[in-house]
Number of protein chains: 2
Amino acid sequence: MPLTAPLRIGALIFPAFTALDLFGPLQALNLLSLAHPMNLSLISTTLDPISIDRTILDGVVHGMGANSSSPFFTEYILPTATLEDAPHDLDVIFVPGGSGTRNQAATQPHVDFIRDRVQNEPPKYLWTVCTGAALAARSGVLAGKNATTNKAAFNWVKTVEGADEVHWIAKARWVVDGNYWTSSGVSAGTDMILGWIEHEYGRNESERIRIGMEWNALDQTDDPFAEIYGLVDS
Amino acid sequence: MPLTAPLRIGALIFPAFTALDLFGPLQALNLLSLAHPMNLSLISTTLDPISIDRTILDGVVHGMGANSSSPFFTEYILPTATLEDAPHDLDVIFVPGGSGTRNQAATQPHVDFIRDRVQNEPPKYLWTVCTGAALAARSGVLAGKNATTNKAAFNWVKTVEGADEVHWIAKARWVVDGNYWTSSGVSAGTDMILGWIEHEYGRNESERIRIGMEWNALDQTDDPFAEIYGLVDS
């Protein structure tokens with residue numbers, strides 16, 4: 001399916017998304033964008049700054065960092081669009097993961113956005129990285145499809161609403177099912193995007209970018225982490 | 001040298017720093033911070049939002065993205081401190097790279113900060129990732145030391161003021177010279193920080209974090225990129 005230029009990418013962000021889930025793929029896409037025009041939207045419920053890797057509400061740390069004594073280890077990024085006014089006819093919807101995906105209420109608007117867009121103006125691709133697959137599973141759009149997710153959180157993702165309709169692949173750096181690309185945890189997202197660049201723009205381009213990033217890539221089926229966590233397909 | 005808790009890390013940011021230079025190491029440190037208290041400051045000239053990977057001035061794209069037609073592929077992060085009011089007695093000064101390092105005027109305050117801190121209240125460690133080494137070289141603090149930098153930009157870095165006083169190591173994922181840790185380009189910074197975590201907290205901790213990030217690591221001397229760019233030591 002030919003991609004239009006500029007490519008319109010919409011990345012969904014929410015409090016306590018995992019930094020590398022987003023910024024690894026964006027690094028590769030940024031280098032791609034030097035040769036292939038694209039626009040990126042960072043989409044959240046409001047335009048308020050979004051805390052990375054930690055949730056801070058009224059000065060109190062929630063989520064993965066709640067048990068640590070490092071409340072000030074948090075970065076903030078600025079959304080560029082709200083879920084309500086996000087650009088239409090996106091070529092790609094990109095869903096990173098992170099401990100924030102475990103906050104069902106905070107991510108319900110994102111889940112609804114995925115469902116609505118896939119039903120009414122389907123993107124050419126849906127990408128999930130890490131536990132971003134939990135949001136896609138909750139939206140119902142992964143029903144009947146093969147997918148993968150973070151290996152440390154694999155068994156949790158399988159418990160979210162809608163996850164029992166998904167064929168979860170344990171040993172995979174990433175999984176492609178039609179236009180749905182889902183990666184394993186954190187760093188795996190960058191390998192997946194390099195794989196997607198190869199698929200879409202060819203090996204020379206993906207290698208140019210990988211070398212520019214000095215990235216040590218794993219192939220699609222090369223997943224040493226499933227075994228570490230003792231995971232099998234379901 | 002024992003580290004105090006909480007560990008105080010100050011990362012210098014400037015327009016068009018490279019996303020993964022900063023966020024790869026911060027991902028590892030974030031996971032470390034769950035067990036070892038630390039505070040992170042993101043330090044810039046002002047508290048205004050900082051554009052990642054591109055420089056945007058008055059709506060015009062500068063730097064690496066200037067020749068592309070993707071002006072809207074830019075993310076913004078919020079600094080937490082200015083160079084003037086940054087926390088004192090930092091344990092670590094962390095200098096990422098990126099096309100923004102080529103803007104000598106915009107980064108001169110950061111260069112002055114590095115020189116001033118190293119002279120007057122030396123951090124326990126100075127880390128540079130990618131072309132962050134160019135800022136450290138300009139500050140003079142790398143004079144007489146072994147260091148490395150981004151392989152695509154290696155020959156440019158060797159031309160900045162002060163760089164001729166540095167022993168540049170071409171084939172290295174990262175280089176340690178005393179308390180100065182300098183990495184090769186982009187992804188290499190994350191390998192270096194995992195190496196630093198091993199050095200400081202032990203192999204179990206660095207492996208826990210690497211596995212949590214599903215990161216495919218390269219060792220300190222395992223640098224396949226120097227050869228690609230035909231680089232030799234100087």
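# Notebook: the A–B interface and the sheet

I began with Gln27(A) and listed its neighbours, leaving out residues up to four places away in sequence: Gln27(A) touches Met213(A) in its own chain, and Thr18(B), Ala19(B), Leu20(B), Asp53(B) and Val186(B) across in chain B. I note at the outset that the model I am reading is a predicted one.

**Entry 1, Gln27(A).** I placed Gln27(A) in helix H1 of chain A. I then looked up its polar partners, and found that its side chain reaches the backbone nitrogen of Ala19(B) at 3.1 Å, while a polar contact at 3.4 Å joins the side chain of Gln27(A) to the side chain of Asp53(B). Is Gln27(A) buried or exposed? Its relative accessible area is 3%, so I entered Gln27(A) as buried, the cut-off being under 20%.

**Entry 2, the whole interface.** From that one residue I went on to the contact between the chains, to which chain A gives 54 residues and chain B gives 54 residues. The size of an interface is often given as the accessible area lost when the parts come together, and I therefore looked that value up as well. Between chain A and chain B about 4500 Å² is buried, with 59% of this area coming from carbon and sulfur atoms. I asked how many salt bridges there are between chain A and chain B, and the count is zero. Polar contacts, by contrast, are found in 20 residue pairs across the interface of chain A and chain B, counting pairs with both residues at pLDDT 80 or more.

Next I noted which elements of chain A supply at least two residues each to the side that touches chain B, and these are helix H1 (19-33), strand E2 (38-44), strand E6 (75-77), helix H6 (203-212) and helix H7 (225-228). The largest share of that side, 10 residues, comes from H1(A), the helix in which Gln27(A) lies. By residue class, the side of chain A that touches chain B divides into 30 nonpolar, 17 polar and seven charged residues.

**Entry 3, the sheet of chain A.** I traced an open sheet of seven strands in chain A, with mixed pairing and the order E7-E2-E1-E8-E9-E13-E12. Its edge strands, each pairing on one side only, are strand E7 (81-82) and strand E12 (174-177) of chain A. Within the sheet I looked at strand E1 (residues 7-12) and strand E8 (residues 92-95) of chain A, which pair in the parallel sense over three bridges, and there Ile9(A) stands opposite Val92(A) of E8(A).

**Entry 4, strand E8 in chain B.** In chain B, too, three bridges join strand E1 (residues 7-12) to E8(B), and the two run parallel; the bridge partner of Ile9(B) in E8(B) is Val92(B). Four bridges join E8(B) to E9(B), again running parallel, and Val92(B) stands opposite Tyr125(B) in E9(B). In a regular strand the side chains alternate between the two faces of the sheet. I checked the directions in E8(B) and found Val92(B) and Phe94(B) pointing one way, Ile93(B) and Val95(B) the other way, and all of them buried.

**Entry 5, positive phi.** Lastly I noted two residues that are not glycine and yet have a positive phi, Ala16(A) near 65° and Cys130(B) at about 60°. Ala16(A) is found in the loop between E1 and H1 of chain A, and at 0% relative accessibility Ala16(A) counts as buried. Cys130(B) lies in the loop between strand E9 (125-128) and helix H3 (132-139) of chain B, and Cys130(B) also counts as buried, at 3% relative accessibility.

Key
Residues are numbered from 1 along each chain as its sequence is written. Chains are lettered from A and ligands numbered from 1 in the order in which they are written. This is a predicted model: local features need pLDDT of at least 70, side-chain atom pairs count only at pLDDT 80 or more; totals for chains, interfaces and linings use all residues. Side-chain values use heavy atoms; hydrogens and water are left out. Contact means heavy atoms within 4.5 Å. Buried area is the accessible area (1.4 Å probe) that two parts lose on being put together, summed over both. A salt bridge is a side-chain nitrogen of Lys or Arg within 4 Å of a carboxyl oxygen of Asp or Glu. A polar contact is a pair of N or O atoms within 3.5 Å; within protein, one must be able to donate a hydrogen and the other to accept it, and residues adjacent in sequence count only if both atoms are side-chain atoms. Ala, Val, Leu, Ile, Met, Phe, Trp, Tyr, Cys and Pro count as nonpolar, Asp, Glu, Lys and Arg as charged, and the others, Gly among them, as polar. Buried means under 20% relative accessible area, exposed over 50%, partly exposed in between (1.4 Å probe, protein chains only). Two strands pair if DSSP finds at least two bridges between them.
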